[in-house]
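Trainee: I've got this one open and I'd like to talk it through with you. Can we start with the ligands and work outwards?

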Amino acid sequence: MTELDHIRNFSIVAHIDHGKSTLADRLIQMTGTVADREMKEQLLDSMDIERERGITIKANTVRIEYPAKDGETYVLNLIDTPGHVDFGYEVSRSMQAVEGSLLVVDATQGVEAQTLANVYQAIEADHEIVPVLNKIDLPAADMERVAEQIEDVIGIDATDAIQISAKTGVGIPDVLEAIVTRLPAPGGDRDAPLKVMLVDSYYDAYLGVVVLIRVVDGVIKKGDRIKMLKTGGTYSIDRLGVFRPEMTDIAELGPGEIGFFTASIKQVRDTRVGDTITHEKKGTTEALPGFKPSQPVVFCGLFPVDNAEFEDLRDAIEKLALNDASFSYEMETSAALGFGFRCGFLGLLHLEVIRDRIEREYNIELITTAPSVIYHVYMRDGTMIELHNPADMPDPSLIDHIEEPRIKATILVPDEYLGDVLKLCQDRRGIQEDLTYAGSRAMVVYDLPLNEVVFDFYDRLKSVTKGYASFDYQLTGYREDNLVKMQILVNDEPVDALSMMVHRDRAEARGRAMCEKLKDLIPRHMFKIPIQAAIGGRIIARETLAALRKDVTAKCYGGDATRKRKLLDKQKAGKKKMRQFGKVDIPQEAFISALKMDG
Amino acid sequence: MATETPAFGLYVHWPFCAAKCPYCDFNSHVWAKVDQDQWLPLYLTEIKRESERTPDHVLKTIFFGGGTPSLMQPDVVQKIIEAARGAWRTSNDLEITLEANPTSVEAAKFRSLKDAGVNRVSIGVQATNNEALKLLGRLHTIEEAWAAVDAAQLVFDRSSFDLIYARQYQTLTDWREELSLALSRAAGHLSLYQLTIEDGTAFGDRYRRGRLPGLPDEDTSADMFLLTQELCDAAGLPAYEVSNHATPGNEARHNLIYWQGGDYAGIGPGAHGRLTINGKRIATEAYLDPAGWRNAVLTHGNGESASRTLSSEDVGVEALLMGLRVRDGLPDRRVPWDQINENEHNDLILNGFLERDATGLRLSDQGRPVVNAVINRLLS
Ligand SMILES: Nc1nc2c(ncn2[C@@H]2O[C@H](COP(=O)(O)OP(=O)(O)O)[C@@H](O)[C@H]2O)c(=O)[nH]1
Ligand SMILES: C[S@@+](CC[C@H](N)C(=O)[O-])C[C@H]1O[C@@H](n2cnc3c(N)ncnc32)[C@H](O)[C@@H]1O
Ligand code: SF4
Ligand SMILES: [Mg+2]
């Protein structure tokens, strides 16, 4: 166990690509925590998918021992967090578990929306914040301007900002010293009843559930009987340890310390981020503040392209759910798509990560239906229904009103693209709340409906700003609006997988865009196909897909009999990837592509 | 077995060309030097091997295809023809076709090719103006091509030429003019192919990278196809197969063997064959790579890379795939009824894509441009 005044706990706050992972690597390397020869890049990012997308999904911790200039050796605990909006709650928990943050800003880029969102979380958690200007090795680095920006936009003193290059290693010793001298030591009482915060947990095939913890008060030891306050689960600690970054056993963890334990917990679902852990006997009854169960906000249907793979899909989803308590699922049947699952996610990135993992790790091709948020449908009889799936929309004559979730979106954008960004937000039913300037960049804050953002808002933002804008959001609450269910009819048959909730004023435009898209996405058939959008029984948009006019192989000789046969078999296999709606085959890509809006 | 002997043809593949055309996915290769006297015995070996397993077949056609068989020495062509005549019984009016590229070199050979036994040529004119020929990467000019067509018509009783349409930048009006000119020069037979962008060709690559501009869209190419039928019908050369047109009696009998499910032995690199032996239909395939084929024949006396017996299902599907391409369709007894989706069949007839009567099953004029879709539905 380490004395409190020899412990420093911190996290690193940064916009994506500003160098958080690289800095973490350098800190680990310079303190000899990992031998140089074992050093591989981005030690804390573990899964493939994270590496590819450049994001860290789960909170990770590492314990570093650092001999400081004052001759003492300190234990530094770094918690690395996802930093993505989808995982905002996880980030806030991790922030609660440490006392300080390094605010890393790329000196060639300056402050971005994610920097802001995350630094506000750090400020809210009462952190001491040390600004760090990274990438000073690059000629485009402008330390003065960026320091000024940190002061203007964030409002923290940047006179003592540390200038570093995480790539070359310049300035890293200063960072280590600053962690010791500028960040506070944790508090806590080792004689008080045990109070431990559950920071995160993950599933390991060999160890079962591994729980990341921060001890607030008391001492936790191997063999202890413990209890989780929210879930009520009781366990005994099998293994207690710290990450260096590999798992290293330790006899006990006292106040201020960060580590992990295993306790024969079967599934991640049994552990709740933010829960309080104490001793089963003589434990505390006082929970740590701020616990909230994680709630999915975006829902969609996942169906196997090949109906025969339904059981495999069930298996994959169940396995993934073991390691991800924030993801919900229930079986869904669709007339057109067969058996599948209605799944709930923390956000769109979360959805994509899970979907990609199913496709890649379990080799199941999926059809993803239109993502939907949760609507609150207030009925005439005074009851309220949480609507996750437009297909379940009650009879409109029974509905009093519908509320939808709203967000507060913060966007930072260079001046020249401001007009396009404002137009985009306005088009998506946004209400401007704030517009300020920081140098040549504007910061806009919008109140937006979440349903206008879940699908492709971020893609559109990137494209209208050539990638120069940054974006973050927070859920703010529910508000009533004029929302209706729009159905798409292909050859006069409703396609439930394409129905969606839209604002009444936007329904025509949206319906027209969908019909036009589908006209391009559905291959021509031997007859002409009407494609319509409808609200209730009323058609609001219509396109006609012309009949196929030419499908003939020009040359066909002796050798082509074999070739044509192969082609036929290939087409038959291709047809499996289509879904039949009446007499019409709709390719699976259509379900996602049709929803992407161009404006 | 005393069943009827199917019509039987011999396909001889000559895999060499002077240059590779950017649209072509035939098994064609450009070699610096081909010693034809060394290649001749390989073909002779294959003829012997094939004839030994088809002793009762009566040879009705020989087709030299390529590649560019007009680059073959006439004496090599002659020895192959002689060997075939010696190996099988032959019909009195043996049709012997050779594909020719229309450069002056080849046109000059027509007379000796005729002396070698060839009685029909099919000439790759491809386009009727020099800009278009350049876009197709052809080595000849249109002047040379017409000279070759004239020479062929002088030397041979039967000749045909090929055009490729629905090319880059070609309009419907362009095609009308081109085809009218072609019809005025045709001697009873024309092959008119819409340009197909094939994977693995230079055009295929360019197309995928978006670098093959000016191709007609589906509607325009459908209009071109309809116009082709209209003009050829009016000129007395109706389509007897999707892309082949002839005055009555001038149809290419060799190709009809493919489409009507007859037998053919295929020799030469990459050649395919279909042979009925002891009541079973066998599909054969030769080594694709010319050097590989040569080695196989030299060392094993056999250029075949694969051969398998077709199941009755395979035979049925092939009969439909090939047979519906022909104007007269398939006789009822060759239609694989057990594999045909009855609902689709009825629906296709009801909607005017298919016609059926006592003589068999065939496409209507409306069905012909979408024959692939019709077949897909029939077999779904
Ligand atoms: N030139 C330069 N590149 C850096 C520096 N620090 C990080 N990078 C690069 O910036 C990119 C993003 O870094 P990473 O650590 O993954 O950022 P993260 O998304 O904040 O974790 C990577 O390509 C790094 O190699 C630096 O100090 N100088
Ligand atoms: C075996 S090929 C070539 C014969 C000869 N070597 C020549 O080029 O004239 C027979 C015919 O197929 C046609 N053809 C070849 N490739 C084609 C393509 N990609 N699309 C349409 N027709 C094609 C051409 O008209 C060609 O004359
Ligand atoms: S089109 Fe004819 S000449 Fe051109 S490469 Fe193909 S076979 Fe050879
Ligand atoms: Mg990272």
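Trainee: Which class leads in the shell around ligand 3: nonpolar, polar or charged?

Mentor: Keep in mind that this is a predicted model. The shell around ligand 3 includes B:Cys17, B:Cys21, B:Cys24 and B:Phe26, and it also takes in B:Ser28, B:Gly66, B:Gly67, B:Thr68, B:Asn101 and B:Gly124. B:Lys20 is there too. By class that comes to four nonpolar residues, one charged and six polar, so the leading class is polar.

Trainee: And ligand 2, which chains surround that one?

Mentor: Its shell has 18 residues, and B:Tyr23, B:Gly124, B:Asp162, B:Tyr193 and B:Thr196 come nearest. In chain B, strands E2 (58–66), E4 (120–126) and E5 (158–165) each supply at least two residues of that shell. The site is shared between chains, because the residues surrounding ligand 2 come from chains A and B.

Trainee: On to the interface, then. Which element of chain B gives the largest share of the side that touches chain A?

Mentor: There, 30 residues of chain B are in contact with 19 residues of chain A. Several elements of chain B supply at least two residues each, among them strand E6 (189–194), helix H9 (218–234) and helix H12 (312–323). By class, this side of chain B has 17 nonpolar, nine polar and four charged residues. The largest share is five residues, and it comes from H9(B).

Trainee: What about the largest nonpolar core: which strand gives the most to it?

Mentor: That core has 161 residues, and A:Val132 and A:Ile213 touch the most other members. Leaving out residues up to four places away in sequence, A:Val132 touches A:Leu102, A:Leu103, A:Val104, A:Ala161, A:Ile162, A:Ile164 and A:Val175. Another core, of 103 residues, lies apart from it and includes B:Leu10 and B:Trp39. With seven residues, the strand that gives the most to the largest core is E8 (residues 208–217) of chain A.

Trainee: Is strand E19 of chain A largely enclosed or left open?

Mentor: E19(A) pairs with E18(A) (residues 328–334) in the antiparallel sense over seven bridges, and a hairpin of three residues joins the two. Five bridges also join E17(A) (residues 298–304) to E19(A), again antiparallel. Since six of the eight residues of E19(A) are buried, the strand is largely enclosed.

Trainee: Last one: which residue in E19(A) is the bridge partner of A:Cys300?

Mentor: On the E18(A) side, A:Glu330 has A:Arg342 as its bridge partner in E19(A). For A:Cys300, the partner in E19(A) is A:Cys343.

Key: Residues are numbered from 1 along each chain as its sequence is written. Chains are lettered from A and ligands numbered from 1 in the order in which they are written. This is a predicted model: local features need pLDDT of at least 70, side-chain atom pairs count only at pLDDT 80 or more; totals for chains, interfaces and linings use all residues. A residue is near a molecule or strand if its C-beta atom, placed from the backbone, lies within 6 Å of it. Helices (H or I, at least four residues) and strands (E, at least two) are DSSP runs, numbered from the N terminus. Two residues are in contact if their C-beta atoms, placed from the backbone, lie within 7 Å. A nonpolar core is a set of buried Ala, Val, Leu, Ile, Met, Phe, Trp, Tyr and Cys residues joined through C-beta atoms within 7 Å. A residue is buried if 20 or more other C-beta atoms lie within 10 Å of its own, exposed if 12 or fewer, and partly exposed in between; C-beta atoms are placed from the backbone. Two strands pair if DSSP finds at least two bridges between them.
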